[in-house]
Amino acid sequence: MASSEKSFALRRLHSLLGVIPLGVFLIQHLVINHFAVNSPEAFNKASDFMWNLPFKIVLETLVIYLPILFHAIYGVYIAFTSKNNVTKYSTFRNWMFMLQRFTGIVAFIFIAIHVWQTRVQAAFGHHMNYDFMHDLLSNPINFIGYIIGIVSVIFHFSNGLWSFAVSWGLTQSDKSQKMMAGVSLAAFVVITFIGLRALFAFI
């Protein structure tokens, strides 16, 4: 396989994993967190259900850890090798290109911290319940960091939907790409509302 063909295939795989399974997991994760809006008991019940799924380690490895490692590592490579030219060509799509790379780096750092503060702590024996998240987010630095991290992750996913549609040939005309930009914006607004509403419910 030629270098250009290999690069194209890797970028398509990168975009695919960003939507499926990682995008699906992101939405599912935020919906589970959103149960906190109803009550601490509702969140604890939903969290315990996810924690006690059969073959959880296998599912986490195949659906989350391996895809996110590839997506993150290759995404960092793209971010540091791509040329951002917004200062020369200040178009909307160039700005979205730059923000996609920037939020990808922020998301990478945030997810690493989030995994350490939650999943790793659960492995050490801490119970991932409402009280745990309340204590974690009662720290103003953690809370502000989570706002920045969540918004960055959601933007990266939502804007990535546009890139995914282009990479896989789903939107080839200018009209279809503009429609997809509208879909991406709507996804960003709706998912951000869900994510931030859940976040504030923990405090």
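Trainee: Helices here are DSSP runs of H or I with at least four residues, numbered from the N terminus. With that in hand, in which helix is the place of W162?

Mentor: Keeping in mind that this is a predicted model, W162 has its place in helix α7, which covers residues 140-167.

Trainee: Buried or exposed, that W162?

Mentor: W162 has a relative accessible area of 14%, and because buried means under 20%, W162 counts as buried.

Trainee: And what does W162 touch, if I skip residues up to four places away in sequence?

Mentor: With those residues not counted, W162 touches R93, Q177, M180, A181 and S184. There is also a C-alpha separation to look at, since W162 and K178 are 16 residues apart along the chain and their C-alpha atoms are separated by 9.2 Å.

Trainee: Staying in that helix, what is S152 in contact with, neighbours within four places aside?

Mentor: S152, which is placed in helix α7, is in contact with T103 and V106 once those sequence neighbours are left aside. The relative accessible area of S152 is 8%, and S152 is therefore buried.

Trainee: What about V153, which residues does that one contact?

Mentor: V153 is likewise found in helix α7, and, leaving aside neighbours within four places in sequence, V153 is in contact with L26, A107, F110 and I111. V153 counts as buried because its relative accessibility is 16%. For a longer view along the sequence, V153 and F108 are 45 residues apart, with their C-alpha atoms separated by 8.6 Å.

Trainee: Where does T171 sit, then?

Mentor: T171 is found in the loop between α7 and α8, the latter being residues 174-201. T171 has a relative accessible area of 7% and is buried, and its contacts, neighbours within four places in sequence aside, are A165, V166, S176, Q177 and M180. Q177 and M180 also appear among the residues that W162 touches.

Trainee: Switching topic, how many salt bridges are there?

Mentor: The count comes to one salt bridge, and R119 forms that salt bridge with E60, with the closest N and O atoms 3.1 Å apart. The pair links distant parts of the chain, since R119 lies in helix α5 (residues 92-123) and E60 in helix α4, 59 residues apart.

Trainee: Are those two partners buried or exposed?

Mentor: R119 counts as buried at 18% relative accessibility, and E60 counts as buried at 13%.

Trainee: OK, on to helix packing. At what angle do α2 and α3 pack?

Mentor: Two packed helices are described by the angle between their axes and the distance between the axes. For helix α2 (residues 22-34) and helix α3 (residues 40-51) the angle is about 145°, and the axes are 8 Å apart.

Trainee: Which residues meet there?

Mentor: From α2, Q28, I32 and N33 meet F43, A46, S47 and M50 of α3. Sorted by class, that contact has four nonpolar and three polar residues, with no charged ones.

Trainee: And G23, what does that residue contact, sequence neighbours within four places aside?

Mentor: G23, which is found in helix α2, is in contact with L17, G18 and F157. G23 counts as buried, because its relative accessibility is 2%. By way of a C-alpha distance, G23 and F8 are 15 residues apart along the chain and separated by 21 Å.

Trainee: Anything to check in the backbone? Which peptide bond is cis?

Mentor: The bond from I20 to P21 is cis, with omega near 15°, and P21 has its place in the loop between α1 (3-19) and α2. Most residues other than glycine have a negative phi, and most peptide bonds are trans. F55 is worth a look on the phi side, as its phi is near 55°, a positive value in a residue other than glycine.

Trainee: Where is F55, and is it buried or exposed?

Mentor: F55 is found in the loop between α3 and α4 (56-81), and at 68% relative accessibility F55 counts as exposed.

Trainee: Last one, which residues make the nonpolar surface patch?

Mentor: F55 is one of them, and the others are V58, L59, L62, V63, L66, L69 and I73, which together make a patch of about 800 Å².

How values were computed: Residues numbered from 1 in each chain as written. Predicted model: local features only at pLDDT ≥ 70, side-chain atom pairs only at ≥ 80, totals over all residues. Heavy atoms only, no water. Axes fitted to C-alpha atoms, helices over the stretch in contact; angles between N-to-C directions. Helix = DSSP H or I, 4+ residues; strand = E, 2+ residues; numbered from the N terminus. Contact = heavy atoms within 4.5 Å. Nonpolar A, V, L, I, M, F, W, Y, C, P; charged D, E, K, R; others polar. Buried < 20%, exposed > 50% of the residue type's maximum accessible area, 1.4 Å probe, protein only. Patch = residues over 30% accessible without salt bridge, like charges linked within 9 Å, V, L, I, M, F, W, Y side chains within 5 Å. Areas by Shrake-Rupley, 256 points an atom, 1.4 Å probe, with all protein chains shown as cover. Salt bridge = Lys/Arg side-chain N within 4 Å of Asp/Glu carboxyl O.
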